[in-house]
Structure formats: structure tokens, C-alpha cells
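Colleague: Could you walk me through this model, feature by feature? I would like to learn how to read each one.

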Amino acid sequence: MSLATKLANEDRDRALRERAARVIPGGMWGHMNAARLPPEYPQYFAKAEGARIWDVNGRDYVDFMCSWGPTVLGYRDPDVEAAARTQGELGDSLNGPSERLVELAELLAETIPHCDWSLLAKNGTDATTICVTVARAGTGKRKILMARKAYHGAAPWCTPYPAGTLPEDRAHQIFYEWNDVASLEQAAADAGQDLAAVIVSAFRHDLGRDHEMPTREFAAAARAIANRTGAALIVDDVRAGFRLHLGGSWERVGVRPDLSAFSKAIANGYALAAVTGVDRFREAATKIFTTGSFWFQAIPMAAALATLDKLHALDGPALMERAGLRFRQGIQAQAQSHGVKIRQSGPPQMPLILFEDDPEVIKGKFFCVEALKRGVYLHPVHTMFLSCAHTDAEIDRALEATDGAFAAVAAKFG
């Protein structure tokens with residue numbers, strides 16, 4: 001590689017950001033905006049394979065974001081890509097859906113115990129919004145109980161950045177504290193006879209704070225409130241679905257919802273979302289009108305069929321859990337050896353690493369940048385993700401880098 005080519009490659013990310021700033025408001029939008037991260041993080045990427053991702057400057061990383069969740073088997077999984085190519089030779093956007101729609105709905109019903117029917121869409125926000133709409137249509141009521149600061153998407157009723165929305169968009173929300181049964185019961189009482197739904201995340205994964213799994217007592221209380229009032233219990237499984245349990249994340253706490261929202265991991269990176277529901281809300285689902293020009297595309301459905309089949313064959317959740325435990329145990333040992341105090345939370349497949357006495361995330365960002373320099377892509381405050389492609393070798397390569405990053409933290413902060 002010539003020096004000129006090398007310099008051009010080194011500047012490619014910056015050049016793309018400068019070009020984007022002229023034609024895209026702010027240069028980038030949404031959760032993938034690298035401006036929210038330290039400046040060393042790349043904004044633009046060139047390719048990915050397995051558990052690795054390459055930025056446009058040619059640097060590769062062991063990736064612990066997995067495209068922010070969708071990549072569950074690994075980038076460019078050969079079985080998923082083969083299924084997508086086969087379907088692509090037949091067609092994708094047609095005048096109606098292909099056979100893959102029925103096949104996928106059948107597979108979801110076989111895989112998810114509470115699923116009597118499903119509707120498909122494109123994004124997590126689509127799915128959570130449909131759940132809330134079906135709940136209101138099925139109950140004839142308005143109030144929605146939500147955990148304070150929980151993320152359920154980017155629509156006006158739930159976006160964490162409410163610019164451009166109206167107070168009326170949120171007029172019928174009542175908040176409770178996660179895992180607090182008394183708070184949940186009080187919220188239900190405040191709803192009176194107008195409770196349409198209780199919506200819960202698979203686990204508490206608020207940005208920048210310790211993640212928290214649901215207690216069995218909290219999950220049972222949510223189910224009991226829905227049973228008692230006739231409201232729908234909605235599990236927002238967009239982030240965690242198919243990583244923790246193939247039958248839905250709350251199978252782990254022995255509670256089944258009336259409606260669930262899935263997206264991210266359902267098709268290993270192809271754009272797809274699903275709403276699953278019980279028979280009680282089947283008629284309500286026929287009464288609402290929800291659609292999109294690209295919601296019936298056949299390629300993502302073919303990819304989803306291949307993804308779910310392979311997750312079944314591999315026991316994907318258990319495989320990712322083992323890899324996550326290897327990573328977690330290595331991280332803990334390194335932190336202790338360097339005298340650095342950290343907190344690890346979330347399920348092993350979806351880890352979060354925070355530093356003690358670090359309210360401004362100065363240590364956390366420094367650590368992640370040092371890991372990035374050594375070839376590992378971590379996030380300082382967001383849920384991270386493992387895939388089935390995170391082999392022992394990839395985890396061990398990552399741990400080599402994080403050991404150096406912890407040494408740098410210890411040297412800088414003492």
C-alpha cells in the first residue's frame with residue numbers, strides 16, 4: 001500500500017463525516033450517531049464477518065455490539081445468507097407476501113409458547129406500537145403502565161427525546177419503578193377502570209445504569225394485574241428476544257405475556273419485526289390498520305426462518321451465555337488484578353460494564369477507547385451483545401485487549 005493510499009484510508013471516516021454534514025442534518029441521526037461516543041470511535045464501516053467488523057479505515061475489531069443487537073449468529077452467517085440468496089432469486093417485494101410469511105408465522109407459533117398468532121413489520125418501534133394499539137383495541141381502554149425511563153422505541157408515544165411531540169401523545173401513560181411490586185400496584189390503582197396494558201422490558205436495560213433482571217415476584221405481579229383488570233401484559237422483547245430464551249425472555253421467570261414485540265435478532269441483521277399474541281387479542285389485531293410498503297418483503301422472512309432454525313439447532317442462547325460468562329469472568333479477573341473497581345450487570349449474552357466512582361463515565365469511556373485501539377469494540381453505557389460467532393478464540397483475543405485497557409486505566413486513574 002502506497003503512503004498516499006494509506007493516508008487516504010486513514011482519513012476516510014473523517015472525509016465521510018464532512019460530506020455527510022453537508023447533506024444530512026447533524027451529519028448523522030439516531031442511536032448509531034458516533035458523535036455520542038468519544039472521537040476515536042469510527043462512524044462508518046466497510047464490512048463484517050463472524051464476530052469481527054472493519055471500519056472504513058481498514059481497522060478490524062472483535063465486535064461486542066453486533067450491529068446494536070440484530071447480529072445473533074454472526075455477521076454474514078452462511079446459512080442465513082444462502083436462504084436470503086435463494087429467496088432473492090425468486091423475488092422480494094411483490095404484490096403480496098410470499099409463502100415465507102405463512103411459514104414464519106407457523107414457526108413462531110411453534111417456538112414461542114404464548115404465540116397463537118403473529119403480525120410482521122420492520123423495526124422494534126413498529127412492534128411495540130402495534131402491541132399498544134392492539135391492547136387498546138382489544139380492551140377499549142386507554143391507560144398504559146410503563147417503567148420509568150424504560151426505552152420502548154422512537155415513536156411519539158415513547159421516544160426519550162420528545163422534541164416535536166405533544167403532551168397528548170403521552171397523556172395516558174402511568175409510570176412505575178422497575179421490580180417494585182408496590183409501585184406497580186399503585187400505578188394500576190391510579191389507572192382505575194381504564195387500564196389497557198402493562199408494558200415491561202425483558203429486563204431493565206436503561207442507558208448508563210446497572211442492568212437488572214426481573215424478579216419472579218415482579219413478573220408474577222405484572223401478570224396478576226393483567227389478569228385481574230383484563231389489561232394486556234406486553235413484553236417488549238425487541239432487545240433481548242432470542243438471545244435469552246427462544247420462547248421469549250420471560251419464560252425464564254415463568255410468566256407468559258399476552259402480547260410480545262420482537263425485532264433485532266429475529267433475522268440476523270435483515271430488517272424484520274414481529275408481534276406475537278394470544279387468542280384473546282386475535283380479533284383486536286384484525287381491527288387495527290397497520291402496514292408498510294416493505295413489511296411483506298420475502299428475503300427478511302427467509303432469513304428469519306434460517307436464523308430461528310439455526311438458533312434451535314445450536315441452542316443459541318446457551319452458546320452465547322457460555323461465551324458471555326467466559327468474557328465476564330475474564331473481565332472480572334483483569335479488573336481485580338489491576339486494582340480497578342467495576343460493576344458488571346445484565347445477562348452474560350448482553351453485558352454492561354460500568355466503573356465505580358465514575359458518574360460522568362470518564363473512566364468507562366477511557367477504557368473503551370483503549371480497548372478500541374487494541375481491536376475490541378465495546379460501548380461505555382449501552383447494553384452490549386454477543387453472538388454465536390463469539391468463539392473461545394474471539395473472546396480470548398478480546399480479553400488480551402481489555403487487559404491492556406485495564407492497565408491503562410490503572411496507570412491514568414490510580
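Modeller: We will go through pockets, cores and a few single residues. This is a predicted model, in which local features need pLDDT of at least 70 and side-chain atom pairs count only at pLDDT 80 or more, while totals for chains, interfaces and linings use all residues. Residues are numbered from 1 along each chain as its sequence is written, and side-chain values use heavy atoms, with hydrogens and water left out.

Colleague: Let us start with pockets. What is the volume of the largest pocket?

Modeller: A pocket is an open set of points on a 1 Å grid over the protein atoms alone, where a 1.4 Å probe fits, with protein on both sides within 12 Å along at least five of seven lines; lining residues have an atom within 4 Å of a point. Points are joined across faces, edges and corners, and the volume is the space filled by probe spheres set on them. Here the largest pocket has a volume of about 1600 Å³. Its lining has 49 residues, and the closest to its centre are His 31, Tyr 151, Gly 153, Arg 239 and His 382.

Colleague: Which elements each supply at least two residues of that lining?

Modeller: Helices (H or I, at least four residues) and strands (E, at least two) are DSSP runs numbered from the N terminus. In this lining, α5 (124–139), β5 (143–147) and β6 (173–176) each supply at least two residues. By class, the lining of the largest pocket divides into 23 nonpolar, 17 polar and nine charged residues; Ala, Val, Leu, Ile, Met, Phe, Trp, Tyr, Cys and Pro count as nonpolar, Asp, Glu, Lys and Arg as charged, and the others, Gly among them, as polar.

Colleague: And which residues are closest to the centre of the second largest pocket?

Modeller: They are Met 32, Phe 45, Ile 53, Ser 67 and Tyr 75, out of 26 that line it. The second largest pocket holds about 530 Å³ of space. Strand β1 (residues 45–49) gives the most to this lining, with three residues.

Colleague: Now the interior. How many residues does the largest nonpolar core have?

Modeller: A nonpolar core is a set of buried Ala, Val, Leu, Ile, Met, Phe, Trp, Tyr and Cys residues joined through side-chain atoms within 4.5 Å. Buried means under 20% relative accessible area, exposed over 50%, and partly exposed in between (1.4 Å probe, protein chains only). The largest core has 43 residues, and Phe 64, Phe 327 and Leu 378 have the most contacts inside it. Its largest share, eight residues, comes from α12. Contact means heavy atoms within 4.5 Å. Leaving aside neighbours within four places in sequence, the contacts of Leu 378 include Phe 64, Phe 327 and Met 384.

Colleague: Is Gln 334 buried or exposed?

Modeller: Gln 334 counts as buried because its relative accessibility is 10%. This residue is found in helix α10, and its side chain reaches the backbone oxygen of Leu 399 at 2.6 Å. Gln 87, in helix α3 (residues 78–90), also counts as buried, at 4% relative accessibility.

Colleague: Finally, backbone angles. What is phi of Lys 264 near?

Modeller: Phi of Lys 264 is near 30°, a positive value in a residue other than glycine. Lys 264 lies in the loop between β9 (259–262) and β10 (273–277). Val 361 has a positive phi of about 60° although it is not a glycine, and Val 361 is found in the loop between β12 and α11.

Technical notes: A polar contact is a pair of N or O atoms within 3.5 Å; within protein, one must be able to donate a hydrogen and the other to accept it, and residues adjacent in sequence count only if both atoms are side-chain atoms.
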